[in-house]
Amino acid sequence: ARVLCVGAGGLGSPALMYLAAAGVGTLGIVEFDVVDESNLQRQIIHGQSDIGRSKAVSARDRVQGINPHVNVVLHETRLDVDNVMELFTQYDLVVDGTDNFATRHLINASCVKHHTPLVSGSALRFDGQISVFDPRNATSPCYACIFSPDENFEEVSCSSMGIFSPLVGIIGAMQAAQAIQVLIGFGEALIGRMLLWNARTTQIDEFKISRNTECSVCGKAH
């Protein structure tokens with residue numbers, strides 16, 4: 001299988017390592033940033049010796065240390081409207097490890113257009129969430145069915161709000177698990193469902209998500 005992971009940070013770190021250990025044939029990594037010491041608290045794919053290095057290169061070295069048989073393809077660029085289509089057509093599934101709404105909506109729209117399964121996750125402070133959006137399934141909602149691109153959401157980040165570091169490990173590992181389930185086709189992936197994890201109370205909640213027929217991305221008119 002060919003899996004593209006957008007981001008080699010808090011969520012991408014465990015997702016990439018578990019996907020490599022599981023034996024995914026090709027792992028693509030989209031990452032333009034460099035490793036900073038402040039990242040090490042939660043981005044466990046990088047180490048102290050990687051400070052100042054490209055995150056993509058650092059992640060590749062760690063992945064190949066886990067499983068040298070995985071083909072790692074680096075895309076050392078910022079994902080944008082000019083390169084997203086070309087990148088996504090090369091992969092069977094996308095794991096979203098980004099931290100802003102604009103990029104998440106770009107990823108979602110591209111996955112809908114190319115009928116590519118998307119494993120979406122996010123984490124901030126003590127709260128994490130994960131879901132799977134699969135355009136190949138006629139009943140599956142997309143990310144925009146929940147968070148409309150027409151609405152203005154306040155952008156917050158781990159650097160400004162803080163993050164309980166094991167939380168991204170939990171959500172990122174769940175993303176790897178969901179990706180493997182979708183690729184192999186076993187069990188019940190989180191399609192039409194969203195899982196919420198509160199690390200402060202150790203409470204897990206789940207709610208159903210319905211496809212919005214008026215969605216500006218996956219609705220009937222599109």
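The sheet, to begin with. In this predicted model, eight strands make up one open sheet, and their order across it is S3-S2-S1-S4-S5-S6-S7-S8. The pairing is mixed. Two strands stand at the edges: S3, residues 71-75, and S8, residues 203-208. Each has a single partner strand, so one side of each is left without a neighbour in the sheet. From one strand to the next, the twist averages 15°.

Now strand S4, residues 93-96. On one hand, four bridges join S4 to S1, and the two run parallel. On the other, three bridges join S4 to S5, residues 118-124, and this pair also runs parallel. As a general point, strands of a sheet pair through backbone hydrogen bonds, either parallel or antiparallel.

Residue by residue, Asp96 is the bridge partner of Val6, and Asp96 also stands opposite Ser120 in S5. Val95 stands opposite Val119 in S5. Where do the side chains of S4 point? Leu93 and Val95 point one way, Val94 and Asp96 the other way. Are these residues buried or exposed? All four named residues are buried, Asp96 included.

Next, the helices on the sheet. Helix H2, residues 55-66, lies across S2, residues 26-30, and S3; the angle between H2 and S3 is about 175°. Helix H4, residues 101-114, packs on the sheet and touches S1, residues 2-6, together with S4 and S5. The direction of H4 makes about 165° with that of S5.

Then a helix pair. Two packed helices are described by the angle between their axes and the distance between the axes. For H1, residues 12-22, and H7, residues 165-184, the axes come within 7 Å and cross at roughly 40°. Oblique covers angles that are not under 35 degrees, not over 145 and not within 65 to 115; H1 and H7 are therefore oblique to each other. The crossing of H1 past H7 is right-handed.

Which residues make the contact? From H1 they are Pro14, Ala15, Tyr18, Leu19 and Ala22. From H7 they are Val168, Gly169, Gly172, Ala173, Ala176, Ala179 and Ile180. By class, this contact has 10 nonpolar residues, two polar and no charged.

Last, a loop residue. His69 lies in the loop between H2 and S3. Its relative accessibility is 74%, and exposed means over 50%, so His69 counts as exposed. How far apart are His69 and Pro149 in space? C-alpha to C-alpha, the two are 39 Å apart, with a separation of 80 residues in sequence.

Technical notes. Residues are numbered from 1 along each chain as its sequence is written. This is a predicted model: local features need pLDDT of at least 70, side-chain atom pairs count only at pLDDT 80 or more; totals for chains, interfaces and linings use all residues. Side-chain values use heavy atoms; hydrogens and water are left out. Two strands pair if DSSP finds at least two bridges between them. Axes are lines fitted to C-alpha atoms, for helices over the stretch in contact, and angles run from 0 to 180 degrees between N-to-C directions. Contact means heavy atoms within 4.5 Å. A crossing is left-handed if the near helix is turned anticlockwise from the far one by less than a right angle, and right-handed if clockwise. Ala, Val, Leu, Ile, Met, Phe, Trp, Tyr, Cys and Pro count as nonpolar, Asp, Glu, Lys and Arg as charged, and the others, Gly among them, as polar. Buried means under 20% relative accessible area, exposed over 50%, partly exposed in between (1.4 Å probe, protein chains only).
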